Protein chains: 2
Amino acid sequence: MTASTAANATRSRLLDTALKLFCEHGVEGTSLQMIADELGVTKAAVYYYFKTKDEIAEAVAAPTLHELEQIIEAARTKPSRAAQIDHALSGFVALIVRQRLLLGLYNSDPGIRRVVNRSFAAPRGEDLRTRMRTVLAGDNPGLGDAITVHVVFTGLAIAGGAPEYASVDDDTLRHHLLAVGRRLLGELRPKRR
Amino acid sequence: MTASTAANATRSRLLDTALKLFCEHGVEGTSLQMIADELGVTKAAVYYYFKTKDEIAEAVAAPTLHELEQIIEAARTKPSRAAQIDHALSGFVALIVRQRLLLGLYNSDPGIRRVVNRSFAAPRGEDLRTRMRTVLAGDNPGLGDAITVHVVFTGLAIAGGAPEYASVDDDTLRHHLLAVGRRLLGELRPKRR
């Protein structure tokens, strides 16, 4: 293992630990010292990677936001509206299921919302929402389609991160979320002529 | 006007003013003094009705929670599952549209979430969620139906309170939210034999 991959592994373990502690105590209730203690390192070792707790919270959420952007970009390259919708929806649902701890935290903890909403603010956040809506509902969608996409987007993310489904296995949860999404978004495909 | 109806009118005007200021400045950023100033009364006059800002925030949200309970109770008395679902969904959507300022606040402001989640905590809140799910998906619903109800319930409430639809008139917003809800919940009705 090179020094750089060792550092990456430590950074990644630090973020996993931070997410676990954020879920247990909230972002506000978690200190850098608690993260260091849980990792079995000194606070100085944590400081080597991150100067503030907000930086850690941002780094915990960043890969998921980045992945969402990649899903949307990949969906845009698909040749038909139906294929674009399928790719965006299945990618979005897979991401929700994989990141449900983070989503559950986002849905319940003001601390992480504050940090994510800041790094997800306009223009980047607005742009991402607009691009997601465009992939799912087309350019300049009617109000009904825009609202449908809004309900799907937020409803799936909140239901997927809900603690009552924590014991449901990934495949089963993904199956049910996809079914709900398809039932709603199937209506958005251009009608056959 | 009797002294009691005058007091009720003042209390109600106080809550409207508080909601408006909460939306502009957040619950944390609003003081009793600001509410008094906006109403053109003294802080002592506000104290006559409410001792703390949390009490005001609770009172702002309470009628909506109470109305939601009434919608569910009324839906339970309907003779068929289809009629129960229709009543619960249309009542829920009408409530969302009527209270979209409050919902928008709930979706964006940690201060009001803290207060509502506390007064909406188990057993009352859990009970309300369970009763809503039972009306929409029946007793002991399968996982797929429970997730569908979850997506509808949260997706409609969040989309309905979203600032981007603030300029949409009530009838139009209600029409589109109902259409989305019916598309999903129509699947939950018992199949014809």
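Student: How much area do chain A and chain B bury between them?

Tutor: In this predicted model, the two chains bury about 2,500 Å² between them, with 73% of it on carbon and sulfur atoms. Within chain A, I147(A), H150(A) and R183(A) lose the most area to chain B, together 23% of what that side buries.

Student: What makes residues of chain A count as in contact with chain B?

Tutor: The test is heavy atoms within 4.5 Å. On that test, 27 residues of chain A are in contact with 27 residues of chain B.

Student: Why is the relation between chain A and chain B called a two-fold axis?

Tutor: Try laying chain A on chain B: a turn of 180° and a shift of 0.0 Å along the axis do it, with an RMSD of 0.0 Å. That is the relation of a two-fold axis. In chain A, G155(A) has the C-alpha nearest the axis, 2.0 Å from it.

Student: How do you know that the same surface serves both copies?

Tutor: Just check the contact residues: 100% of those in chain A recur in chain B.

Student: OK, on to pockets. Why is the second largest pocket said to lie between domain 1 and domain 2 of chain A?

Tutor: Both domain 1 (1-51) and domain 2 (61-187) give residues to its lining, so the pocket lies between them. The lining includes S12(A) and L15(A), as well as P63(A) and Q99(A). Two elements of chain A, α1 (3-25) and α4 (53-76), each give two or more residues to that lining.

Student: What classes of residue line the second largest pocket?

Tutor: Its lining has 6 nonpolar, 3 polar and 1 charged residues, around a space of about 230 Å³. D16(A) is one of the lining residues, and Asp counts as charged.

Conventions
Residues are numbered from 1 along each chain as its sequence is written. Chains are lettered from A and ligands numbered from 1 in the order in which they are written. This is a predicted model: local features need pLDDT of at least 70, side-chain atom pairs count only at pLDDT 80 or more; totals for chains, interfaces and linings use all residues. Side-chain values use heavy atoms; hydrogens and water are left out. On a 1 Å grid over the protein atoms alone, a cavity is a set of points where a 1.4 Å probe fits but cannot get out, and a pocket is an open set with protein on both sides within 12 Å along at least five of seven lines; lining residues have an atom within 4 Å of a point. Grid points are joined across faces, edges and corners, and a volume is the space filled by probe spheres set on the points. Helices (H or I, at least four residues) and strands (E, at least two) are DSSP runs, numbered from the N terminus. Domain bounds come from an automatic or database domain assignment. Copies are superposed by least squares on the C-alpha atoms of residues with pLDDT of at least 70 in both. Buried area is the accessible area (1.4 Å probe) that two parts lose on being put together, summed over both.
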